[in-house]
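Subject: Structure handover

Hi,

Here is the structure I promised to pass on. My notes on it follow below.

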Amino acid sequence: MTKDEAKKRIEKLKETIDYHRHLYHVFDKQEISDSALDSLKKDLFDLEQQFPDLITPDSPTQRIGGEPLDAFEKFEHKKRMTSYYDAFSREDMDNWQDRNEKLLSEGEAQKIEYYCEPKLDGLAIELIYIDSILTIGSTRGDGIIGENVTNNIKTIEAIPLKIKRKEEVIHNLEKKGLKSVADKIRNYNFREIIVRGEAVITKSDFDEINKEREKQGLSLFANPRNLAAGSIRQLDSKITAARHLDSDVYSIVTDMGQETHEEEHLILEAMGFKTNNRYNKLCKNLDEVFEHYYYLQKKREKLPYEVDGVVVSINDNKIFEKLGIIGKAPRAGIALKFPLLEVTTKVNDITVQVGRTGAMTPVAILEPVSVGGVIVSRATLHNEKEIKRLGLKIGDTVVIGRAGDVIPEVIKVFPEFRIGKEHDFKMPKKCPTCNTELVKPETEVVWRCPNKNCFARKIKYFNHFISRSAFNIEGLGGRVVERLIEEGLVKDPADLFDLREGDLILLDRFGEKSARKLVLAIQGKKIIPLSRFIYSLGIRNVGQKTAIDLAKIYKNIHKIKEESLENIEKIHDIGPIVAKSIFDWFHDKSNLEFLDKLKEKKVWYSGNDEGGDKLKGLKFVLTGTLPNYKREEVESIITNLGGEFSSSVSNKTDYVIAGENPGSKYDKAKELGVKIINEEDFVKLFK
Ligand SMILES: [Zn+2]
């Protein structure tokens, strides 16, 4: 994106986010989910990171929600109450780590450890204790000025009205060898202590309150955070009390000598605060952070509170302070959110997919995006009428959502993000598979291909394309191909190379592991030898033998395309009928488009066009990992040069190429006395 385009998009994002914020906070209304709004904010944040000079003070990323209500006495925080930016992926976390490390010395960067704690979905509060007594309780407000809601906060049973040293807890710290922490609590005079935490409501209380409101015909609270906020900011404390709020305290503002964030948590517990310490963990690196993240993600259903992610902070308080604040948040902390089930992305194209019954389903081709923790690239649009209802154009920014294990759908379109390059989708007049004219009875919404063999024909070509002698994609059996086509995930075999794990997980029979395995298998087959590539095109009358001949003679696709019919006929072993079908195939517009599509996706044949017969008649087997060549590359070199590549060793094998960590094939070769060579020897054979 150019800077100019980014600027325009940033403006539009700001307007849209502000519109939804206002709707939500002032009118208690929601047109899009929290999740979709978060996704828009993330989009804005990422763009601003890319073009930092486009950040303006009025950007939603620069402020903290919730202006103080006039009804409450205003309260100025001694130290600014910040919030956190969101991260959604490993990439986001790696970038965050890199940004921080650049601002630190090498020694400091090496010292970094991360303290992880569940991110509760509640309302941030600050508590001030004077001479051990809870004196002021306030909301965050805009971070500088909050509301004094002391009376309401006093109704929360989990918050101590007076803090005392909990001897038993302190004793335990000593037993664990944390005497220095224990001493900090013992030695501190309790004149003034400021702590911060979250007011929360349990999921069961939330459900109960909403049920009651429904009976009374009142509007429902959108989420527990919404309810906690509404309860704390009540003018009548009796209402707050009736809502049974709970709390979790997680930081100490006052200098009690604490050196790390972990110590703060230990001290808080020893002063009688309710903490989430048993779900917190000190992690040495981001790998450990993610381990804890996945643990909490699994645990989340069972927790009494809504948890929407993990707060990750640099544990060392000195480093934390040194990194300072950017916008509304400290650099040294970040909220690693759990996967969103509704996210925003762009519709790059709309294609039509032919179903088993000939039904045409429009499918949105998306800018790949993570939904519910998996990356997806397709969303169903159901039918033409649905596209009209949504008002969707190709190029639009949309909200896509995923409910359970089904293909994601486009839920909403943001026309405000258009830049003039978007265009309408037109239902094709003819079937994209068989070219038959489409039909639609007046009373129906679905267009159909009336050709009874249409779907079968398509399946047949797919199966040819992925077969052993063509692209040889393992794990992609006939039934899987059928499901992929039925769900609109692939229109032609070139689309296979766009599939993401998430696209597959949504089909039954795929788990995360098997989906990943198949995506890798497909990606590993992007480059195959020319002869197999020609064979894969499914040209009528062109079998393996003819494909090999063509590859040897022409050495590249372009030359075959340019060749005259006369010259093709002259080739030994190729008769006039075969020559005609080769010539015709390369003069068909849709075939050439398919070739272009493959090339664009870098699905092609290996560049070793020089070819030759250097390895003719030799049989090779590979075991282990080679330093410079991937398995597919070795395979294509061998077959291109006339050799044969096999997966098992027999006494017909000429060479076993052995790399690092060779498997049982190595032992078998030894046993049979087959010659074992390394990568260097192999290269010498053909160079
Ligand atoms: Zn058809």
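Strand E3 covers residues 114–120, and 7 of its 7 residues are buried, so the rest of the structure largely encloses E3. Keep in mind that this is a predicted model.

What does E3 pair with? One partner is strand E9, residues 281–283, joined to E3 by 3 bridges. The two strands run antiparallel. Within that pair, Cys 116 has Lys 281 of E9 as its bridge partner. Another partner is strand E10, residues 307–314. Here the pairing with E3 is again antiparallel, over 7 bridges. Pro 118 sits opposite Val 310 in E10.

These strands belong to an open sheet of 5 strands. The order is E2-E13-E10-E3-E9, and the pairing is mixed. The edges are strand E2 (86–87) and E9, each of which pairs on one side only. At the E2 end, 2 bridges link E2 to strand E13, residues 333–337. E2 and E13 run parallel. Ala 87 faces Leu 336 of E13 across that pairing.

Now the other sheet. It is open too, with 4 strands in the order E5-E4-E7-E8. Its pairing is antiparallel. Strand E5 (133–139) and strand E8 (246–252) are the edge strands, pairing on one side only. On average, neighbouring strands of this sheet are turned by 30° against each other, ignoring direction. In the middle of the order, strand E4 (residues 123–130) and strand E7 (residues 192–200) are joined by 8 bridges and run antiparallel. Tyr 129 stands opposite Ile 193 in E7. Helix H11, residues 261–270, packs on this sheet and touches E7 and E8. The direction of H11 makes about 130° with that of E8.

Next, helix H9, residues 224–232. How many of the residues of H9 are buried? The count is 8 of 9, so to speak of H9 as mostly covered is fair. The buried residues of H9 are Pro 224, Arg 225, Asn 226, Leu 227, Ala 228, Ala 229, Ser 231 and Ile 232. Which elements cover them? The cover includes strands E4, E5 and E7. It also includes helix H5 (150–153), helix H8 (203–215) and helix H10 (237–242).

One helix pair is worth a look. Helix H6 (residues 167–175) packs with helix H7 (residues 179–187) at an angle of about 150°, and their axes are 7 Å apart. H6 and H7 are therefore roughly antiparallel to each other. On the H6 side, the contact is made by Ile 170, Leu 173 and Glu 174. They meet Lys 179, Val 181, Ala 182, Ile 185 and Arg 186 in H7. By class, this contact has 5 nonpolar and 3 charged residues, and no polar ones.

Last, the overall layout. The chain is divided into domain 1 (3–62), domain 2 (74–337), domain 3 (527–605) and domain 4 (619–686). The C-alpha centres of domain 2 and domain 4 lie 58 Å apart.

Best wishes

Terms used. Residues are numbered from 1 along each chain as its sequence is written. This is a predicted model: local features need pLDDT of at least 70, side-chain atom pairs count only at pLDDT 80 or more; totals for chains, interfaces and linings use all residues. Domain bounds come from an automatic or database domain assignment. Axes are lines fitted to C-alpha atoms, for helices over the stretch in contact, and angles run from 0 to 180 degrees between N-to-C directions. Angles under 35 degrees count as roughly parallel, over 145 as roughly antiparallel, 65 to 115 as roughly perpendicular and the rest as oblique. Two residues are in contact if their C-beta atoms, placed from the backbone, lie within 7 Å. Ala, Val, Leu, Ile, Met, Phe, Trp, Tyr, Cys and Pro count as nonpolar, Asp, Glu, Lys and Arg as charged, and the others, Gly among them, as polar. Two strands pair if DSSP finds at least two bridges between them. A residue is buried if 20 or more other C-beta atoms lie within 10 Å of its own, exposed if 12 or fewer, and partly exposed in between; C-beta atoms are placed from the backbone.
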